[in-house]
Amino acid sequence: MTIPLLLLEDDPAIARTVAYALEREGFTVEHVGLVREAMHKLADPQHAYAAAILDVGLPDGSGLDLCRDLRRDVGRNGRLPIVMLTARGEELDRVLGLELGADDYLTKPFSTRELCARLRALLRRTAHAPAPEPQRSEATLVCDEVGQRIRHGDTWLPLTRREHGLLMALLKVPGRIWSREALLDAVWGLDADSTDRTVDTHIKTLRAKLREACGDVELIITHRGLGYAIDPARL
């Protein structure tokens, strides 16, 4: 059984190379070169994709904008696994893509073998990620994005800037597993002194503050060897 993918890439040579490599690995690839074409395909209920591969720079827009719109979708596309393709050295695009909800990224030029491996790993993770539940009652958190604050009930959480960034990233797609590298990119950006240990330390202090505010509900789950996720069943 083949695995259907949507590829949004405006460079025909890159698209052909990627599609050929993926199809040899058991994927089926539907290629489009414009954002509006991708939106049309995704809106069609006859198309059910296992994942989407989105380029950033496109003639009629940006894959980043499409990624953001997909994550706002309350329907079937809201949890669609997304891999972003970014230009060499465009770290801002990578960080922004992760903040907007992308699951992974590759920098051009990239290895098609690595792309295949990352897609398979991503699909394995998302297959085991619990679906978000519509009713959330145990530890409801309210995010004030303008004020960059998060509260539980009537209490604003006393978060540092990095703790706030971590929690906002995790809350964007409950159930999604963030690797330490992805969290470093999304929250610390260009801070060269930050390491995986930095993420672990901030997660530890963030957990303590959440337990104090929300009782004994453990919101942040550790997935050994993979990273961290918010448990959607406990929100």
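**Exercise 1. Arg120: where is it, and what does it touch?**

Task: Decide whether Arg120 is buried, partly exposed or exposed in this predicted model, and find what Arg120 is in contact with.

Solution:
- Step 1. The relative accessible area of Arg120 is 31%. Buried means under 20% and exposed means over 50%, so Arg120 counts as partly exposed.
- Step 2. Now place Arg120 in the fold: it belongs to helix α5.
- Step 3. Leave aside the neighbours within four places in sequence, and Arg120 is in contact with Ile3, Glu25, Gly26 and Phe27.
- Step 4. Take one of these, Glu25: it is 95 residues away along the chain, while the C-alpha atoms of Arg120 and Glu25 are separated by 9.9 Å.

**Exercise 2. Two prolines in loops**

Task: Say where Pro81 and Pro109 lie, and which peptide bond is cis at Pro109.

Solution:
- Step 1. Look for Pro81 in the loop between α3 and β6.
- Step 2. With a relative accessible area of 7%, under the 20% cut-off, Pro81 is buried.
- Step 3. Not counting residues up to four places away in sequence, Pro81 touches Ala50, Ala51, Ala52, Arg71, Asp103, Leu122, Leu123 and Thr126.
- Step 4. Compare sequence and space: Pro81 and Pro59 are 22 residues apart in sequence and 23 Å apart in space, C-alpha to C-alpha.
- Step 5. Move on to Pro109, in the loop between β7 (104–107) and α5 (112–128). The bond from Lys108 to Pro109 is the cis one, with omega near -10 degrees.

**Exercise 3. Checking the length of a helix**

Task: Test whether the end-to-end distance of α8 (residues 196–214) agrees with its number of residues.

Solution:
- Step 1. Helix α8 has 19 residues.
- Step 2. The expected span is 1.5 Å times one less than the number of residues, so α8 should span 27 Å.
- Step 3. The end C-alpha atoms of α8 are 26 Å apart, which agrees.
- Step 4. Next, look at the buried residues of α8: Thr198, Val199, Asp200, Ile203, Leu206, Arg207, Leu210 and Cys214.
- Step 5. Why might buried positions recur along a helix? An α-helix has 3.6 residues a turn, so residues three or four places apart point the same way.
- Step 6. Among the elements that cover the buried residues of α8 are β8 (141–144), β9 (149–152), α6 and α7.
- Step 7. After α8 comes Gly215, with a positive phi near 85 degrees.

**Exercise 4. Two helices that pack together**

Task: Find how many residues of α7 are buried, and what the buried residues of α4 and α7 pack against.

Solution:
- Step 1. Seven of the nine residues of α7 are buried, so α7 is largely enclosed by the rest of the structure.
- Step 2. These buried residues are Ala182, Leu183, Leu184, Asp185, Ala186, Val187 and Trp188.
- Step 3. They pack against α4, β7, α6, α8 and β12.
- Step 4. In α4 (residues 91–99), the buried residues are Asp93, Arg94, Val95, Gly97 and Leu98. Their packing partners are α3 (63–72), β6 (82–86), β7 and α7 (180–188).
- Step 5. Each helix is followed by a glycine with positive phi: Gly101 follows α4, with phi near 115 degrees, and Gly189 follows α7, with phi near 60 degrees.

**Exercise 5. Reading a pocket**

Task: Describe the volume of the second largest pocket, and say which helix gives the most to its lining.

Solution:
- Step 1. The volume of this second largest pocket is about 370 Å³.
- Step 2. Its lining includes Glu99, Glu145, Gln148, Arg161 and His164.
- Step 3. Both α6 (161–172) and α7 supply at least two lining residues, and α6 gives the most, with seven.
- Step 4. Sorted by class, the lining has four nonpolar, three polar and five charged residues.

**Exercise 6. Inside the core**

Task: Name the residues that touch the most other members of the largest nonpolar core, and list contacts of Met84.

Solution:
- Step 1. The largest nonpolar core has 48 residues, and Met84, Leu141 and Leu167 touch the most other members.
- Step 2. Beyond its neighbours within four places in sequence, Met84 has contacts including Leu54, Val56, Leu64, Cys67 and Leu106.
- Step 3. A second, separate core has 19 residues, including Phe27, Ala51, Leu115 and Leu119.

Key: Residues numbered from 1 in each chain as written. Predicted model: local features only at pLDDT ≥ 70, side-chain atom pairs only at ≥ 80, totals over all residues. Heavy atoms only, no water. Helix = DSSP H or I, 4+ residues; strand = E, 2+ residues; numbered from the N terminus. Buried < 20%, exposed > 50% of the residue type's maximum accessible area, 1.4 Å probe, protein only. Contact = heavy atoms within 4.5 Å. 1 Å grid on protein atoms, 1.4 Å probe; cavity = no way out; pocket = protein on both sides within 12 Å on 5 of 7 lines; lining within 4 Å. Points joined across faces, edges and corners; volume = space filled by probe spheres on them. Nonpolar A, V, L, I, M, F, W, Y, C, P; charged D, E, K, R; others polar. Core = buried A, V, L, I, M, F, W, Y, C linked by side-chain atoms within 4.5 Å.
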